[in-house]
Each structure stands twice: as C-alpha cells, then as structure tokens.
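Please consider the structure shown below. The paragraphs that follow lead through it, beginning with a pair of helices.

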Amino acid sequence: MTDAKTAYPDRYYAAYDTTAPQPTPVIGWYDTGSMSSLAAVPPAASLIPVSAADWANTTCFRLPSGRGVLNGKIIDYTDPVPPVPLATQAQNALVVAHQTVWGNYGALNEPTPEAWVTYLKALRAIAEGQDTTSTTLPEAPA
C-alpha cells in the first residue's frame with residue numbers, strides 16, 4: 001500500500017478534466033490531509049497543487065465555480081455559452097413571426113404579404129433541416 005504523503009506530496013489539490021481543451025473548469029477540490037480514504041482522488045500527477053494560503057481563501061480563490069485551469073495554473077474562468085444552433089434560432093424566430101403575422105394580418109382576415117410568406121417558409125426550412133446551407137437567419141420583413 002502506497003503512503004498517502006508519497007502519493008500526494010502536497011496536501012491541497014484542484015482537479016480538472018485533463019482530456020478537455022483548455023482553459024477548462026476546476027471540477028473538484030481535495031484536502032488529501034483530512035480525507036480518511038484517498039480511493040476516489042485522482043492521481044496527484046493529474047491534479048494541480050494548491051498552496052495553503054490559496055486553499056484557505058474561499059472568497060476569491062477556492063470557489064465552487066468560476067475557477068479553471070490553463071497551462072497548469074488556476075485561473076478565473078467562465079464557462080463559454082455554447083452557440084445556439086441555427087435550427088433552434090429559426091424555430092424561435094418562427095414562433096415570433098407566426099405571432100406577428102397573425103396579429104397584423106390573420107386576426108384581421110387580411111392577406112399575408114408575400115414578403116412574410118417567403119420569410120416564414122425560409123425559417124421553416126431552416127428549422128426543419130431542409131435548408132442546410134444557410135448560416136444566418138433571413139431578415140424579417142419591415
């Protein structure tokens with residue numbers, strides 16, 4: 001059995017996904033000196049050692065979120081917001097467009113202008129995956 005101090009020469013560590021592109025979020029904090037079992041702790045080689053002063057700083061350094069790893073250093077980190085797929089954007093725009101067309105034309109029993117029909121069809125094609133070449137949504141009619 002390996003000695004805990006040999007396996008974890010530092011007491012405090014930050015864990016992160018070593019296979020993820022960096023920067024990547026810190027996903028765990030370990031105080032190996034206070035743990036009764038180290039069985040669930042990743043190997044020290046895949047962790048970032050943390051100084052005692054940084055470990056004690058729970059207001060700015062050791063936070064439940066907002067910390068990441070870049071090139072072996074712990075940094076401020078905000079998860080990037082993934083882009084909304086164009087089909088989802090089109091579906092959302094289609095809901096608004098339907099409401100607009102109904103409110104301005106359908107509810108009044110007026111014919112829908114061709115520009116709005118073209119716009120609705122273009123949005124529907126993107127939302128349903130028939131249009132796979134567009135990279136942006138069409139402009140809504142004035």
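**A helix pair, a hairpin and two domains**

In this predicted model, helix α3 (residues 86–104) and helix α4 (residues 114–127) have axes that come within 8 Å and cross at roughly 150°. An angle over 145 degrees counts as roughly antiparallel, and α3 and α4 are therefore roughly antiparallel to each other. Their crossing is left-handed.

The residues that make this contact can be listed for each helix. From α3 come Leu86, Ala87, Ala90, Gln91, Ala93, Leu94, Ala97, His98, Thr100 and Val101. From α4 come Trp116, Tyr119, Leu120, Leu123, Arg124, Ile126 and Ala127. Sorted by class, the contact of α3 with α4 has 13 nonpolar residues, three polar residues and one charged residue.

Attention may now turn to a pair of strands. Strand β4 (residues 67–70) pairs with strand β5 (residues 73–76) in the antiparallel sense, and the pairing runs over four bridges. Within this pairing, glycine 68 stands opposite isoleucine 75 of β5. The hairpin of β4 and β5 has two residues between the strands, and asparagine 71 takes a positive phi near 55° there.

The domain assignment places these elements in a wider setting. The protein is assigned domain 1 (9–76) and domain 2 (86–128). Taken over C-alpha atoms, the centres of domain 1 and domain 2 are separated by 50 Å.

Definitions and conventions. Residues numbered from 1 in each chain as written. Predicted model: local features only at pLDDT ≥ 70, side-chain atom pairs only at ≥ 80, totals over all residues. Heavy atoms only, no water. Domains from an automatic or database assignment. Axes fitted to C-alpha atoms, helices over the stretch in contact; angles between N-to-C directions. Parallel < 35°, antiparallel > 145°, perpendicular 65-115°, else oblique. Left-handed = near helix turned anticlockwise from the far one by under 90°. Contact = heavy atoms within 4.5 Å. Nonpolar A, V, L, I, M, F, W, Y, C, P; charged D, E, K, R; others polar. Pairing = 2+ DSSP bridges.
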